[in-house]
Structure formats: structure tokens, C-alpha cells
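Work through the exercises below with the sequence and coordinates open. Each task is followed by its solution.

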Amino acid sequence: MTITQAFTRINVMTRNCASAAFALAIPLLALDSKAARCEPTLDEGRDIAARHCARCHVIPSHNNMGIGSTPSFKLMVRSKSGDWRSKFEAFYTLPPHLNFVRIKGVPKHIDLPAVVAEIHMTFEEIDSLMVYVDDLARQFRK
Ligand code: HEC
């Protein structure tokens, strides 16, 4: 595990849901809002993939053309390699993304200007993206 990945894991484990602060302030009301605000959802994951990733990747039921040799999401979730899932979880640490993906709370991986429009995301959004990726894996992995 690289230092960046270790830092990222700690961030994932210690990050604050908006409702966590709320929960401390108003415990009774927070019971409902916790699920509403912190649960990752398939719909959000699908939206994020369509909005951010489909600029380059082919996403099932969304676009048919990607950029150059960018692998399609279907191809990636069908990968025989054991680490396809962890690559999605840490995609922002892998080239080319580390040049243009900014995760809230994570320092820039490289100090060069982005060569394409930046993507700004949170760890909560990555959780939803993973729900979507797991759903694709259920559909397309054999
Ligand atoms: C500007 C274009 C671009 C955008 C936007 C983009 N990607 Fe990629 N992605 C690539 C390219 C190009 C590769 C292939 C890199 C390689 O083969 O080394 C790739 C590879 C990947 C890989 C496999 C990495 C590996 O090392 O095997 C994952 C996972 C991935 N992308 C996830 C995402 C996700 C999730 C998003 C959206 C949040 C996204 N990408 C947005 C261009 C992009």
C-alpha cells in the first residue's frame, strides 16, 4: 500500500457524514436523517458515472463511444484480474485520473495543472459509484 492509499483509507474511515454532526446535536431527529444523507445509492452512482466518467469511458446503457483506448466499464468489471474492484475504489490515484480528479479532503497527487476539465468528487460519491460498479459486476461478470 502506498502512502497515498494509506492516507486515503484513513480519510474514508474518519470522514464525517453531514448527519454525523447533526446526530451529535439532535440525537432523536438524527435517526432518520442518517440513512437519508449517508447511504450510498445506485442512482447516485449511475449519475456520477454518466456525468463524470462517460466523458472518456463507455458506460452501459449510456454511451457507445468513448475516447481512444479508454477501457469500457463493462470490460473493466469483467476483468479476470483480482484487483479490478480496488482499481475503481482508488481510480483517482491511477493514471490518467490523478492529473484531473480532485477528491475533497485529499491533497493533490501531483502538482501540475490538469490537462482536461477537472472532476471534483467526495468519498461519499465514490461509495455510490461503487454501488453502481458492483451492480454492473452482478450483470456482466460470469
Ligand atoms: C479524461 C478521460 C477520463 C475520464 C473523465 C475518466 N477516465 Fe478512467 N481511464 C481513462 C483512461 C485513458 C484509462 C486507461 C488508463 C491506462 O490504460 O493506463 C482509464 C482507466 C480507468 C480505470 C482502470 C485503471 C487501471 O489502472 O487499470 C478505472 C477503474 C477508471 N478509469 C475509472 C474511472 C472512473 C470511476 C471515472 C469517473 C469518475 C473515470 N475513470 C473518468 C480516462 C478517463
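Two residues are in contact if their C-beta atoms, placed from the backbone, lie within 7 Å. The model is predicted: local features need pLDDT of at least 70, side-chain atom pairs count only at pLDDT 80 or more, and totals for chains, interfaces and linings use all residues. Numbering starts from 1 along each chain as its sequence is written.

**Exercise 1.** Check the length of helix α7 (helices are DSSP runs of H or I, at least four residues, numbered from the N terminus).

Solution. Helix α7 covers residues 123-140, 18 residues. The expected span is 1.5 Å times one less than the number of residues, which gives 26 Å for α7. The end C-alpha atoms are 25 Å apart, in agreement.

**Exercise 2.** Find the buried residues of α7 (buried: 20 or more other C-beta atoms within 10 Å of its own) and their side of the helix.

Solution. The buried residues of α7 are I126, S128, L129, Y132, V133 and L136. They lie on the same side of α7, because their arc around the axis (taken from the directions from the axis to the C-beta atoms) is only 160°. Among the elements that cover them are α4 (42-52) and α6 (84-89).

**Exercise 3.** Which residues make up the largest nonpolar core (buried Ala, Val, Leu, Ile, Met, Phe, Trp, Tyr and Cys residues joined through C-beta atoms within 7 Å)?

Solution. The core has 11 residues: A49, C53, F73, M76, V77, F88, I126, L129, Y132, V133 and L136. Two or more residues come from each of α5 and α7, and α7 gives the most, 5 residues. Not counting residues up to four places away in sequence, V133 touches V77 and F88.

Terms used. Buried ≥ 20, exposed ≤ 12 C-beta atoms within 10 Å, placed from the backbone. Core = buried A, V, L, I, M, F, W, Y, C linked by C-beta atoms within 7 Å.
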